[in-house]
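This report concerns the chain shown below and the arrangement of its secondary-structure elements. It deals in turn with strand pairing, nonpolar packing and charged side chains.

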Amino acid sequence: MAEKMSDKDFERISRRIAELKKSLNAVIVAHNYQRPEVQDIADFTGDSLELARKCTQVDAKVIVFAGVHFMAESAYILNPDRKI
């Protein structure tokens, strides 16, 4: 089992991720079985179909999908003009 990161490290990483999301016009979606730390930085959490549908409602050019490969494929089918 992975060691829990310190609050300081999590805050530093979260800030960096927020900067990258802004500069890349990206959104992060995470399946609800992802680790709490991943869900905490995600813009949206839910099941795979719910997340794929949610991706159609955002203006982001880049969608980062924290889940398994088929979930990202579903998001791509619904968002073919975006980088998944």
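The account that follows begins with the strands and ends with the salt bridges. The model is a predicted one.

**Strand pairing**

Strand S1 spans residues 26-31 and takes part in two pairings. With S3 it pairs in the parallel sense, over five bridges; within this pairing, valine 27 stands opposite isoleucine 63 of S3. With strand S2, residues 44-46, S1 also runs parallel, and three bridges join the two. Here alanine 30 has threonine 45 of S2 as its bridge partner. Between S1 and S2 the chain passes through helix H2, residues 36-41, and the resulting β-α-β crossover is right-handed.

S1 is mostly covered, since six of its six residues are buried, each under the 20% limit of relative accessible area. The burial extends to both faces of the strand: Ala26, Ile28 and Ala30 lie on one side, with Val27, Val29 and His31 on the other.

The residue that leads into this strand deserves separate mention. Asparagine 25 occupies the loop between helix H1 (7-24) and strand S1. Its phi is near 50°, a positive value in a residue other than glycine. With a relative accessibility of 34%, asparagine 25 counts as partly exposed.

**Nonpolar cores**

The largest nonpolar core is made up of eleven residues: Val27, Val29, Leu51, Ala52, Cys55, Val58, Ala60, Ile63, Phe65, Met71 and Ala75. Two or more residues of this core come from each of S1, helix H3 (48-55), strand S3 (62-66) and helix H4 (69-78). H3 provides the largest share, namely three residues. Another core, of five residues, lies apart from it and includes Ile28, Ala30, Ile41 and Ala66.

The two faces of S1 may be read against these cores. Val27 and Val29, from one side of the strand, belong to the largest core. Ile28 and Ala30, from the other side, are among the residues of the five-residue core.

Valine 58, a member of the largest core, touches Val27, Phe44 and Arg82 when residues up to four places away in sequence are not counted.

**Salt bridges**

The count of salt bridges comes to four. The table describes three of them, including the N to O distances.

| Pair | N to O distance | Relative accessibility |
|---|---|---|
| Arginine 12 and aspartate 9 | 3.6 Å | arginine 12, 47%; aspartate 9, 32% |
| Lysine 21 and aspartate 43 | 2.9 Å | lysine 21, 17%; aspartate 43, 35% |
| Arginine 35 and glutamate 37 | 3.2 Å | arginine 35, 41%; glutamate 37, 17% |

Arginine 12 and aspartate 9 both belong to helix H1, where they lie three residues apart, about one turn of the helix. Arginine 12 is partly exposed, and aspartate 9 is likewise partly exposed.

How many residues apart in sequence are the parts tied together by aspartate 43 and lysine 21? Aspartate 43 is in the loop between H2 and S2, whereas lysine 21 is in helix H1, so their salt bridge ties together parts that are 22 residues apart in sequence. Lysine 21 counts as buried because its relative accessibility is 17%, while aspartate 43, at 35%, counts as partly exposed.

In the pair formed by glutamate 37 and arginine 35, glutamate 37 counts as buried and arginine 35 as partly exposed.

Definitions and conventions:
Residues are numbered from 1 along each chain as its sequence is written. This is a predicted model: local features need pLDDT of at least 70, side-chain atom pairs count only at pLDDT 80 or more; totals for chains, interfaces and linings use all residues. Side-chain values use heavy atoms; hydrogens and water are left out. Helices (H or I, at least four residues) and strands (E, at least two) are DSSP runs, numbered from the N terminus. Buried means under 20% relative accessible area, exposed over 50%, partly exposed in between (1.4 Å probe, protein chains only). A nonpolar core is a set of buried Ala, Val, Leu, Ile, Met, Phe, Trp, Tyr and Cys residues joined through side-chain atoms within 4.5 Å. Contact means heavy atoms within 4.5 Å. Two strands pair if DSSP finds at least two bridges between them. A crossover is right-handed if, with the strands pointing away from the viewer, the path from the first strand over the helix to the second runs clockwise. A salt bridge is a side-chain nitrogen of Lys or Arg within 4 Å of a carboxyl oxygen of Asp or Glu.
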